[in-house]
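Open the model in your viewer and show it as a cartoon. Keep the selection box handy; each stop gives you something to pick.

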Amino acid sequence: VLRLVRIPILAKISGQKPGNFESVEIMTRMERQLYAVAVDTDGFEPFYEQGSTLLVSMNEEPITGDKVFIRHTRSEHSVHIIKQYVTTDHAAGNVVLRDLGSAENFSLSLTEVDACDPIVGVEAPVIKRPIRLHPTKLAAG
């Protein structure tokens with residue numbers, strides 16, 4: 001059964017804090033625990049358009065190939081990044097990732113990663129388009 005769910009926006013890619021009541025509403029069958037991330041910069045185009053909202057699962061492990069939202073801690077500052085997940089190397093204490101659209105792997109220390117959550121959906125920005133006076137007729141059959 002589809003239901004309307006309000007998902008709080010807990011982060012912005014730029015690192016700015018979202019407003020207290022910022023959220024996105026979606027119709028879903030999902031039983032996941034989700035949070036949303038606002039794409040408020042153009043640094044992830046063409047993968048994610050500025051104005052999009054990413055739906056991120058907090059209760060699922062990422063699998064190889066997933067795009068993931070990472071909260072990476074450097075000194076006192078937290079940095080929000082989007083990468084493609086490869087694997088977690090627990091023996092070395094690293095999460096192995098790659099940049100979107102890249103084939104080269106790199107590692108981040110698990111001690112510096114506060115969150116590595118899979119992106120499970122995207123809400124695209126609404127584009128205001130003019131209304132046609134004469135709608136397009138689709139060819140039958």
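Which residue in strand 6 stands opposite Thr-73? Select Thr-73, then look across to strand 6: Ser-78 stands opposite. Keep in mind throughout that this is a predicted model.

**Stop 1: the hairpin partners**

Now widen the selection to residues 67-74, which form strand 5, and residues 77-89, which form strand 6. The two strands run antiparallel and are joined by 8 bridges. Pick Arg-74 next; His-77 is its bridge partner in strand 6.

**Stop 2: the other neighbour of strand 5**

Add residues 113-123, strand 9. This strand also pairs with strand 5, antiparallel, through 5 bridges. Click Arg-71 to find one such pair: its bridge partner in strand 9 is Ala-115.

**Stop 3: the whole sheet**

Zoom out. The open sheet has 9 strands, in the order 2-1-3-4-9-5-6-7-8, and its pairing is mixed. Colour residues 23-28 (strand 2) and 105-109 (strand 8) to mark the edges. Each edge strand has a single partner strand, so one of its sides has no neighbour in the sheet. From one strand to the next, the twist averages 50°.

**Stop 4: His-80**

Return to strand 6 and select His-80. Is His-80 buried or exposed? His-80 counts as buried because its relative accessibility is 12%, below the 20% cut-off. Show its side chain. A polar atom there lies 2.7 Å from the backbone oxygen of Lys-12. Leaving out residues up to four places away in sequence, His-80 touches Lys-12 and several others, including Ala-11, Ile-13 and Gly-15. Phe-69, Ile-70 and Arg-71 are also among its contacts.

**Stop 5: Lys-83**

Stay in strand 6 and move to Lys-83. Lys-83 is buried too, because its relative accessible area is 15%. Which side chain makes a polar contact of 2.3 Å with that of Lys-83? Select Asp-99: the contact joins these two side chains. Beyond four places in sequence, Lys-83 also touches Asp-66, Lys-67, Val-68 and Ile-70, among others. Further contacts include Leu-97, Arg-98, Leu-100 and Phe-106.

**Stop 6: a cis peptide bond**

Finish in the loop between strand 3 (34-38) and strand 4 (53-57), where Pro-46 sits. Show the backbone from Glu-45 to Pro-46. The peptide bond between them is cis, with omega near 10°.

Key
Residues numbered from 1 in each chain as written. Predicted model: local features only at pLDDT ≥ 70, side-chain atom pairs only at ≥ 80, totals over all residues. Heavy atoms only, no water. Pairing = 2+ DSSP bridges. Helix = DSSP H or I, 4+ residues; strand = E, 2+ residues; numbered from the N terminus. Axes fitted to C-alpha atoms, helices over the stretch in contact; angles between N-to-C directions. Buried < 20%, exposed > 50% of the residue type's maximum accessible area, 1.4 Å probe, protein only. Polar contact = N/O pair within 3.5 Å; in protein donor to acceptor, adjacent residues only side chain to side chain. Contact = heavy atoms within 4.5 Å.
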